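Trainee: Could you take a close look with me at a single part of this model, and then lead me from that part to its wider setting? I am new to the structure, so please explain each term as you go.

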Amino acid sequence: MNHGKAPAELDRIRLYDQQEAAAHELLGPVADWISGHVARPHPDLGRRGAVCPFVPLAQRLGLVRFALADPPVRDEEELVAAVAALKAHWLAMEPRSGQHAIDKTIVLVLPGTAAASVVRVHDRLKPEFVADGLMLGEFYPGHPGPGLHNPGFRPLHSDVPLLVARSMVGNDLPFLTERRYPPARRAGFVESFLRHQTGASAGTRERARAELAHARDELGHPSPE
């Protein structure tokens with residue numbers, strides 16, 4: 001991973017810690033939503049624990065950052081530049097090693113950005129994140145994505161469009177193998193998963209290899225015996 005990013009790229013967005021975000025007119029409602037919803041259990045979730053199981057620890061460690069584009073994005077190319085800065089900031093953010101390096105999260109808040117633009121830019125840039133062992137999450141009003149444990153739950157709905165950078169973890173395999181992705185993209189995602197998630201459980205890695213074989217079969221390039 002390349003941590004040497006030009007200052008101009010980093011300057012495309014401005015970061016705020018949790019205390020600063022709570023007092024900010026645009027970021028405060030998002031910070032409240034993360035603390036009051038994402039970091040807490042929900043009766044419709046379909047499992048125990050917080051809506052996002054990684055957020056409570058990240059908050060306790062002070063490893064959640066909020067970001068705003070500066071200046072605000074006006075089109076999709078400017079959004080692409082803001083997301084490149086999001087990735088650069090995540091890579092540069094401490095800790096960059098050790099057990100808690102996977103717990104840092106940056107939430108890019110995009111007030112006034114069209115959901116369709118968020119979807120297109122997310123789809124365009126997610127492979128770059130996954131290749132470096134990161135995940136890029138998308139949230140927007142009315143997001144139709146179902147929960148893993150309850151198809152009627154909508155965990156990706158937020159009142160304001162967001163793009164979120166965090167570390168890839170072993171539990172992310174289902175998000176990388178969704179059938180909405182064409183087989184070539186699924187194969188690339190799973191190859192990255194296997195490369196970065198060497199510590200995932202044996203069962204998870206076995207499922208990943210099965211998903212990779214399935215994607216390669218769809219492409220007409222079966223895995224070698």
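**Lys-87 and the core around its helix**

Mentor: Once its neighbours within four places in sequence are set aside, Lys-87 is in contact (heavy atoms within 4.5 Å) with Glu-128, Phe-129, Asp-132 and Leu-134. The model is a predicted one, in which local features need pLDDT of at least 70 and side-chain atom pairs count only at pLDDT 80 or more, while totals for chains, interfaces and linings use all residues. Residues are numbered from 1 along each chain as its sequence is written, and side-chain values use heavy atoms, with hydrogens and water left out.

Lys-87 belongs to helix 5, which covers residues 76-92; helices (H or I, at least four residues) and strands (E, at least two) are DSSP runs, numbered from the N terminus. With a relative accessible area of 13%, Lys-87 counts as buried, because that word stands for under 20%, with exposed meaning over 50% and partly exposed the range in between (1.4 Å probe, protein chains only). The side chain of Lys-87 also makes a polar contact, at 2.9 Å, with the side chain of Asp-132; such a contact is a pair of N or O atoms within 3.5 Å, where within protein one must be able to donate a hydrogen and the other to accept it, and residues adjacent in sequence count only if both atoms are side-chain atoms.

From Lys-87 we can widen the view to the nonpolar core, a set of buried Ala, Val, Leu, Ile, Met, Phe, Trp, Tyr and Cys residues joined through side-chain atoms within 4.5 Å. The largest such core holds 25 residues, and among these Val-83 and Leu-108 touch the most other members. At least two residues of this core come from each of strand 2 (64-69), helix 5, strand 3 (105-109), helix 6 (115-131), strand 4 (134-139) and strand 5 (162-167), and the element that gives the most is helix 5, with eight residues. In soluble globular proteins, nonpolar side chains tend to be buried together.

Leu-108 deserves a look of its own: leaving out residues up to four places away in sequence, the residues that Leu-108 touches include Ala-82, Val-83 and Leu-86, and also Ile-13, Ala-67, Leu-68, Ala-69, Pro-161, Leu-162 and Leu-163. Apart from this core there is a second, separate one of 20 residues, with Trp-33, Ala-39, Ala-58 and Val-64 among them.
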